[in-house]
Amino acid sequence: MATLSIKGVRKSFGSVEVLHNIDLELEDGGFLVLLGPSGCGKSTLLSIIAGLEPSSGGDVVIGERTVNDIHPKDRNIAMVFQSYALYPTMSVRRNIGFGLEMRRVDTSSREDAIGRAADLLQISHLLDRKPGQLSGGQRQRVAMGRAIVRNPDLFLFDEPLSNLDAKLRVEMRTEIKRLHDRLGTSVVYVTHDQVEAMTLGTKVAVMKGGVIQQLADPQTIYEQPANMFVAGFIGSPTMNFLNGTLENQDGKLVLHHGEETLELSGVAKGASAYVGKKVVAGIRPETFSKGAGPSALTGIVDVVEPTGPDTMVVLDVGGQMISARLGSRERPHPGEPMTLSVDTTALNLFDPETGDRI
Amino acid sequence: MTSNPQSIMASSRPLSTWDRINPARYIGELSETRFWMYLLLLPSALLIMGVVIYPTLYGFQLSFREMRLNRPDLGTDWVLLKHYQRMLSDQIFWISLRNTAVWVTAAVTIEFSVGLIAALALNRNLPGTKVLAVFILLPFFLPNVVAGHMWALMLDPRLGVINDLLVKVGLLGGYKAWFADPSTAMAAAIIVEAWHSFPFFTLLLLAGLKGIPTDLYKAADIDGAGSISQLRLITLPMLKTVIAAAVILRVIGLVNSPDLLLILTSGGPGRSTQVLSLYAFQTAYKDFNFGYAGALSVIMFILLMMFAWVYVRLSKVNQD
Amino acid sequence: MVEFEKVTRIGRVKYWEDEAMNKNFNRRSVLKIGAGLMAATALTPSLAFGQTANINYWHTFTSQSEFAGLEEVMKLFKAAHPDIVVTQENIPNPDFMAKITAAVLADSRPNVTMVSSERFADLLAMGALTDMTERLANWDKRSDFDDSRFDSITKDGKIYGLPAFSFVDWMYYRKDWFEEAGIAPPTTYAEMRDAAIAITDPSKGRYGFGLRGGPGGQNYINNVMEAFGSPVQQGDQIGLDRDKAIEGIAWFSGLLTQDKVVPPSAPNDGFRQVIEGFQTGQTGMIWHHTGSFQDIASKLEPGVEFGTLAMPAGPAARVARLAYAYNSITKDENADASWEWIKFWGEPDAAIAFLDKTGYFPASNSASADPRIADNPLYKPAAETLVFGRPQPSFPGLAGWLESVVLPAFQRALIGEATPEQAVDEMIDGLNQAIG
């Protein structure tokens with residue numbers, strides 16, 4: 001059973017359409033991440049799901065109810081805002097219990113629920129403070145406490161971690177993941193951070209320009225990006241895009257890039273239709289390994305960036321810069337020639353005109 | 001604090017003759033001491049003393065003296081608490097005090113309520129609100145005197161357009177002399193005052209409303225708070241400081257300015273709209289009794305101070 | 001007696017040299033000239049204006065007709081004295097005492113100030129006025145003025161002003177209504193009350209009498225008490241005869257509370273409301289002075305729709321005030337020029353011109369004898385009043401007592417909040433405070 005399904009939702013502000021015909025499904029207990037650059041419509045979509053913003057068309061179904069005309073408070077959802085949106089004049093206790101208070105839950109069961117949520121989030125000692133007296137991470141926990149205390153059908157998170165510093169962000173990310181595992185409630189989570197998307201999501205919808213580019217599990221998104229946008233948006237350092245021409249050489253598909261030739265094996269079946277045409281090869285930095293092979297590129301080492309576990313190497317291959325993630329032991333020197341072999345099974349080919357994956 | 005700057009300078013290099021007499025050097029040295037701060041404050045302190053404290057103290061001492069401009073024969077001796085004693089048995093003072101309380105409480109209540117409604121409406125940023133805002137703020141830009149005369153004409157028992165309207169819609173049987181009847185004079189004056197000054201609240205509250213993050217209302221929507229609850233539990237608490245400041249300013253303004261009542265009723269009919277400020281004004285400029293007028297002003301001053309103190313206490317604006 | 005008119009004009013208007021401009025000046029031209037004048041004064045303090053004297057004149061004129069009269073007098077003065085520039089400044093009556101007090105305390109007085117007799121004592125006591133005895137003694141037109149004209153501006157033998165025009169109390173009545181009802185114009189308070197009852201007809205919105213219970217009404221209240229035998233001042237004696245005063249207040253307030261021959265708006269009616277009430281046919285009689293004649297004649301036809309009468313007699317006295325608007329020197333600087341301006345109001349040409357525009361009677365005998373006045377039957381009651389009329393009382397504190405005690409106390413009686421007894425007791429207490 002799907003917790004959430006979105007059918008043909010559109011949204012326009014005046015003559016500008018910011019969401020085009022969005023279709024989504026989220027299975028019960030799933031964790032859907034709406035991922036995209038700013039302005040892609042992901043937050044608008046979240047607002048429409050929450051009911052804070054009316055859609056211009058289409059249906060939002062939560063559980064088995066179409067909620068298009070249902071007030072946010074009756075959608076049985078809870079939301080965590082980027083700004084946390086804690087009520088500054090109320091104590092943490094009242095903030096957490098506010099939704100219950102408004103629903104006229106009696107005091108003792110309210111206190112119980114607040115206590116449980118606070119225990120879960122380890123904020124029991126903060127209950128009598130005002131939000132102004134809390135740190136960013138503590139506020140974040142309170143905001144989550146306010147969301148979970150009501151036991152909703154669906155959690156909505158709107159970039160909840162972007163106001164935190166890097167270390168705390170990682171901590172809270174883990175916290176959210178743990179919370180989701182423990183509570184099993186479905187989540188829709190908006191972010192522009194691909195790491196959050198990859199680590200948290202059971203399903204990721206990559207959005208751009210009001211359109212879902214790809215909706216899949218994180219692994220698929222990473223390994224088989226639907227198009228060059230998704231491929232480029234996910235992964236750090238980003239995927240290398242190598243322009244070339246596809247040819248059939250002795251019964252094997254090969255990619256010519258300048259003087260380099262990559263032998264392709266195990267790439268998509270549809271590729272043969274592109275023989276003789278220009279294509280773009282998308283190669284993840286970590287699919288390189290040092291040494292020659294049937295599919296290898298040779299270039300001059302430009303920059304070497306040791307990160308500890310890995311060494312990032314930027315290689316100049318006939319004028320095109322290629323990033324490669326090599327083992328930490330590799331320490332080439334800039335200016336040296338270097339040959340890297342490619343694991344072509346992890347390689348993606350894209351149509352340079354449409355940007356779509358072949 | 002152990003080393004003194006002079007010794008540092010002296011030890012670093014020998015002083016030339018010019019150094020010894022250079023005024024800039026002395027100022028420079030002075031600026032390193034802790035007295036510098038007070039020296040910098042001195043000009044503004046003197047200005048405040050001259051402009052604020054001196055007149056206030058002068059007013060205070062006036063209230064302990066005989067000072068009747070049209071009676072030079074009485075002299076200007078100290079009379080201690082004579083004026084204050086007179087006040088205790090002065091019927092008009094007590095009537096004025098009561099009327100002041102009614103005038104201020106009713107006017108502030110109406111102005112705040114209407115001002116808040118207007119501010120909430122303007123804060124919705126619906127189309128046309130910019131033009132509407134100008135209209136709503138318009139009364140406040142009118143001088144009190146102009147507003148007073150305008151309303152005196154509109155409420156006129158013979159020519160007044162308001163009487164005309166009320167009779168036409170059937171609310172009134174005949175033209176009413178609003179300011180001639182003690183049961184309506186105060187109410188009519190309060191409505192004029194409220195009409196004139198509610199934009200003051202609109203302006204301040206609107207500024208306060210703009211500072212409330214919209215996310216709070218979204219969160220409250222999801223939490224299930226209706227508009228009344230949102231107003232009561234989010235908007236008003238968030239505006240607490242602005243409200244306190246606005247109310248105190250407005251109360252001070254209302255207690256201190258007699259001009260509107262002077263124009264509309266002169267305190268009449270009878271004493272039904274006599275307020276303290278008007279009484280003090282008349283005592284000073286009709287009776288020329290500046291001593292008693294001074295004592296009345298001192299009482300107003302003390303009452304206002306007490307009000308502000310109690311109000312700030314009760315509204316707990318200092319707490320956060 | 002000076003009106004406490006509601007403010008209808010605020011601010012200052014400068015009349016300037018050019019006659020054409022006087023006729024149709026506008027604000028811009030006035031501002032332009034004013035700015036130019038300021039610049040010129042700043043640059044050449046004594047050169048260009050070496051032979052020109054600037055004086056400013058504070059007055060409390062209110063109505064259109066009064067402004068027209070002032071304009072006319074200034075025009076004549078300009079022609080006669082091209083070397084003296086008069087800048088007139090209108091001070092609304094309610095603000096007048098506050099403004100002049102502030103001006104005296106801050107030493108920013110006007111050169112010449114219009115002084116009503118009831119304000120004389122207060123202004124003299126605060127040192128605002130200059131002794132003009134000697135100038136008057138040496139003036140060739142002094143004999144045109146009866147000595148009594150100076151009574152209310154004289155203190156300890158010293159004279160502090162020259163009457164510019166007179167306020168002669170009288171009443172206006174609706175001649176057409178009286179004829180219609182077949183009743184004779186009243187000569188006593190009792191007759192007046194009967195007439196008021198006779199012509200009052202609430203169904204037509206008609207009331208017999210336009211009682212002035214709002215700002216400025218205090219003087220009539222005092223007159224009524226005096227007419228019932230309780231003058232507030234008799235020689236050096238200041239005080240009220242309680243019983244007589246109560247009778248007076250009972251009769252006067254009774255016109256509203258008992259007889260209902262007065263519009264219900266009376267407790268708030270000031271000059272404007274009373275005049276408008278009469279002009280618009282709401283009231284059949286009003287008390288005022290000759291100065292409003294032209295204003296009323298602009299709406300009702302004199303001699304046909306309205307007529308004039310001498311003030312009726314009360315049980316003890318017939319009280320009609322003869323008062324004068326004095327012009328007084330209030331600043332030593334340019335005193336000679338100020339004196340020229342003050343004297344000019346005594347010239348028959350100026351006085352008649354002012355009467356033509358307003359209805360205010362001249363203060364000088366030669367002007368009063370002018371056929372334009374003597375032969376006009378509508379002015380006859382005023383001429384009669386000159387015989388029996390009496391001056392305003394005058395002592396320090398009087399104006400304040402009248403305005404801030406007598407008027408509100410009477411209003412309380414009018415609105416039924418106090419009995420006449422209580423109102424009079426309030427007045428007596430207030431009087432003791434004022435003179436104590």
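Which domains does the domain assignment of chain A give? Here are a few friendly notes on this predicted model.

1. The assignment divides chain A into domain 1, covering 2-233, and domain 2, covering 240-350. Taken over C-alpha atoms, the centres of domain 1 and domain 2 of chain A are separated by 39 Å.

2. UniProt has something to add here: an unreviewed entry places the feature "domain: ABC transporter" at residues 4-234 of chain A. In the model, residues 4-234 of chain A are 37% helix and 27% strand, and the C-alpha atoms at the two ends of this span lie 25 Å apart.

3. Now to where the domains meet. On the domain 1 side of chain A, nine residues are in contact with six residues of domain 2 of chain A. About 650 Å² is buried between domain 1 and domain 2 of chain A, and carbon and sulfur atoms give 56% of that area. If you would like residues to look at, try Tyr222(A), Met228(A) and Ala231(A): together they supply 72% of the area that domain 1 of chain A buries against domain 2 of chain A, more than any other three residues.

4. What about polar links? Three residue pairs are in polar contact between domain 1 and domain 2 of chain A, with both residues at pLDDT 80 or more. The rule finds zero salt bridges across this interface.

5. Two helices of chain A, H7 (218-223) and H8 (228-233), each supply at least two residues of the side of domain 1 that touches domain 2 of chain A. By residue class, that side of domain 1 of chain A has five nonpolar residues, three polar and one charged.

Methods. Residues are numbered from 1 along each chain as its sequence is written. Chains are lettered from A and ligands numbered from 1 in the order in which they are written. This is a predicted model: local features need pLDDT of at least 70, side-chain atom pairs count only at pLDDT 80 or more; totals for chains, interfaces and linings use all residues. Side-chain values use heavy atoms; hydrogens and water are left out. Domain bounds come from an automatic or database domain assignment. Contact means heavy atoms within 4.5 Å. Buried area is the accessible area (1.4 Å probe) that two parts lose on being put together, summed over both. A salt bridge is a side-chain nitrogen of Lys or Arg within 4 Å of a carboxyl oxygen of Asp or Glu. A polar contact is a pair of N or O atoms within 3.5 Å; within protein, one must be able to donate a hydrogen and the other to accept it, and residues adjacent in sequence count only if both atoms are side-chain atoms. Helices (H or I, at least four residues) and strands (E, at least two) are DSSP runs, numbered from the N terminus. Ala, Val, Leu, Ile, Met, Phe, Trp, Tyr, Cys and Pro count as nonpolar, Asp, Glu, Lys and Arg as charged, and the others, Gly among them, as polar. UniProt positions are given in the numbering used here, feature names are shortened, and annotations may be inferred rather than shown by experiment.
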